[in-house]
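Biologist: I am new to this structure and would be grateful for a close look at a single part of it, namely the nonpolar interior. Please place that part within the chain and then go on to individual residues.

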Amino acid sequence: MTNTPTAAPVSPAGAADPSRWLRVHHPRASAAARLVCFPHAGGTANAFTALSAALPEDVELLAVQYPGRQDRRGEPCAQDLSELASGVAQALAGYDDRPLFLLGHSMGALVAFETARLLEERGTVARLFVSAARPPAQDWQEPDLSLVGDEELTAGLRRLGGIPEPLLADPEIAAEILRLLRADHRALLRHRCAPDTRVAAPVTVLLASADPKNSLEQMADWAHHTAGGHEVAALSGGHFSLLERPGESAPPLTRRIREDLARPAAAATSATSAAPDAAPLADLVRELMMEGLAGRTPRLSTDLTALEAAAGEVMAPEAFAYVSGTAGSGATGRANRTAFDRRQLVPRMLRGTRRTDTSVTLFGQRLPAPVLLAPLAAQQVAHPEGESATARAAAATGVPMVVSTFASRTLEEVAGAAGDHPRWFQLYLPSDRAVGESLVRRAEASGYGAIVVTVDATHLGFRPAELDSGYSPFLRGTGIANFTGDPVFRAGLPADADATQAVLRWAQISTDPTLTWEDLAWLRGLTRLPLLVKGVLHPDDARLALEHGADGVVVSTHGGRQLDGGVSSLDALPAVRAAVGPDVPVLMDSGVRTGSDVVKALALGADAVLYGRPYVYGLGLDGQRGVEHVLRCLLTDLGLALALTGCASLADVGPHLLANGDRR
């Protein structure tokens, strides 16, 4: 290895000797942001040369040079990672003129994390990127390399990749690589981090699909180490994908940096254009137009009806068929959309509705909008993070999430991702009542604010898209986490039960086709949480639900997935509202796509809607960011629809908003 760096040291005025620590491979004086990169164990600042070249002109890369290597070979290697973090944080003291983004690869991710903690005392970290690295409180299960021979260690490096073979074949260079690797590993083994240690900045986890050292499950705990939300961005390749494929790594980094830079600018623009006591209705519209001036367009369409086709292009065919499929000929699914299209809103002018109040109170809790995320099962088929990504997006946009019994993450995991944000739990009552009670108790203990019991899926609908592909996520182990993670369910399995036995037991007890209204009364006696019955379409069933203890109902066709040729939810809504009276909470789902659809549902008697497939399409297209995009579009459209119909708040919404003949 050479002792001569390939980039010049940097020395801004006022910095504490940054030339020892930082290298700039491609100076960009006009860059809008800086990306500070921390190398892996045994690595040098040169590791990021190719990535620096791949970044656009508006991002300047600062590569960290650890002591003990190249031009710093005369210095002793660091004894622990906090020593490295302290040095970098001091070197960055003069770099507060532009937003700082930190990126650490492998061991460097832990150094970047500790550096972010120090820098946040000055509030200078915009985002932390971590690549090929387990969370800081997790046991990395690294061996003591002082006990590993040179040949064995070199063979391991060859398997992992990242170091060109000619370097490993050169005895002098190989010896230097092993020296640095062992020294850095000693510092890594000394590192300790408490499970509740967090940074304020959001965290983006870069995970390569073929990384032999790290898995998606191991990355999940990064969510516990940030107060700013976390997401996973997928890369192709192996452990060193970030460094070996800079052409693929640069776009997700650049996109996220630019999005983070755009948010403060958009907020400032909005603040200057709004009255002191009023927020503008269309922050998203203004933000996207500002982005357009800079030549940038949104990653996903703002047409929420177009997301299904877009998701169909990227999701696995069988997964897309599962999410999008409907019962039989699809008549009920089509009827749900036709019912919305058939009704027309009548605009009203000059009502002074610069600001609209979209908030609603349900069961004593004030929600920012009459929208909750519908319980869609097995969301991991759309994105590896599944419901965890959805929960974070829901919290970021203020929309409560209703979590399915058949989620691919446990209700406790989803609660952790949601933080303090409101959430409800949807219950399929199992035939094993002890398991059902355990699910309810776990929901109570995890802070869920209501139980939504689904009653229209005690028999599986005849869904050709799923049947033709022979695909069920549940029989493949996805969507049963709340059962396999339940102590009562596990107690009913043999001690040596494997995954197949768990799936078979789930299939036996997960739903109960013998349910009656008396079972609802039993459930009512089990919990003091608000209880809603989901799947009601007949007014008599709505009355029976209330008689047997329900606090509210959800008018639903299960997204058209159960009875083919059934009545649409929107058409059934007015009669259900009339049956229960004005004071009982009535929600509806099935067919809702736009903000105008929400207004139509409210005009016909709903207090709120459950919003379903579009957010899962957003999840499949772009993970947490995709869900956030969908919800921001929906809420913006809702606010504008209210304003354009002359409504200052939801109290102004009623049948009078609909054209004559469309109110039934």
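Modeller: The account below moves from the whole chain to its nonpolar cores and then to single residues.

The model is a predicted one. Its chain contains 25 helices and 18 strands. The C-alpha trace spans about 85 × 65 × 40 Å along its principal axes. For 664 residues, a compact globule would have a radius of gyration near 26 Å, and the 28 Å of this chain agrees with that value. Buried residues account for 57% of the 664 residues. Of the contacts between residues at least 6 apart in sequence, 76% join residues at least 24 apart. The accessible surface of the chain comes to about 26,400 Å², and 53% of that surface belongs to carbon and sulfur atoms. There are 61 positive and 75 negative side chains, and the centres of these two sets lie 4 Å apart.

The interior can now be described. The largest nonpolar core has 118 residues, and Trp424 and Met588 have the most contacts inside it. Helix α25, which covers residues 613–644, gives the most to this core, with 13 residues. A second, separate core has 47 residues, among them Trp21, Phe38, Met107 and Val203.

Trp424 deserves particular attention. Leaving aside residues up to four places away in sequence, Trp424 touches Leu362, Phe363, Leu372, Met401, Val402 and Val403, and its partners also include Tyr448, Gly449, Ala450 and Val452. Leu532 and Leu587 are touched by Trp424 as well.

One of these partners, Phe363, can be followed further. Phe363 lies in the loop between β9 (360–362) and β10 (365–367). Its phi is positive, at about 55°, although Phe363 is not a glycine. With a relative accessible area of 30%, Phe363 is partly exposed, because the partly exposed class runs between the buried limit of 20% and the exposed limit of 50%.

Trp21, named above in the second core, leads to another residue. Glu83 touches Trp21 and Ala78, residues up to four places away in sequence not being counted. Glu83 is found in helix α2 and counts as partly exposed, at 37% relative accessibility. Glu83 and Val111 are 28 residues apart in sequence, while their C-alpha atoms are 9.1 Å apart in space.

Helix α2 is also a landmark for two loop residues. Gln70 is found in the loop between β4 (59–64) and α2. Gln70 is not a glycine, yet its phi is positive, at about 45°. At 6% relative accessibility, Gln70 counts as buried. Tyr95 is placed in the loop between α2 (81–91) and β5 (100–105). Tyr95 is buried too, with a relative accessible area of 5%. The C-alpha atoms of Tyr95 and Thr124 are separated by 8.8 Å, and these two residues are 29 apart along the chain.

A last residue serves as a contrast to the buried ones. Leu504 lies in helix α20, which covers residues 499–509. Its relative accessible area is 51%, so Leu504 is exposed. Leu504 and Thr410 are 94 residues apart in sequence, and their C-alpha atoms are 19 Å apart in space.

Definitions and conventions:
Residues numbered from 1 in each chain as written. Predicted model: local features only at pLDDT ≥ 70, side-chain atom pairs only at ≥ 80, totals over all residues. Heavy atoms only, no water. Helix = DSSP H or I, 4+ residues; strand = E, 2+ residues; numbered from the N terminus. Rg over C-alpha atoms; globule rule 2.2 N^0.38 Å. Buried < 20%, exposed > 50% of the residue type's maximum accessible area, 1.4 Å probe, protein only. Contact = heavy atoms within 4.5 Å. Areas by Shrake-Rupley, 256 points an atom, 1.4 Å probe, with all protein chains shown as cover. Lys, Arg positive; Asp, Glu negative; His and termini not counted. Charge placed at Lys NZ, Arg CZ, Asp CG, Glu CD. Core = buried A, V, L, I, M, F, W, Y, C linked by side-chain atoms within 4.5 Å.
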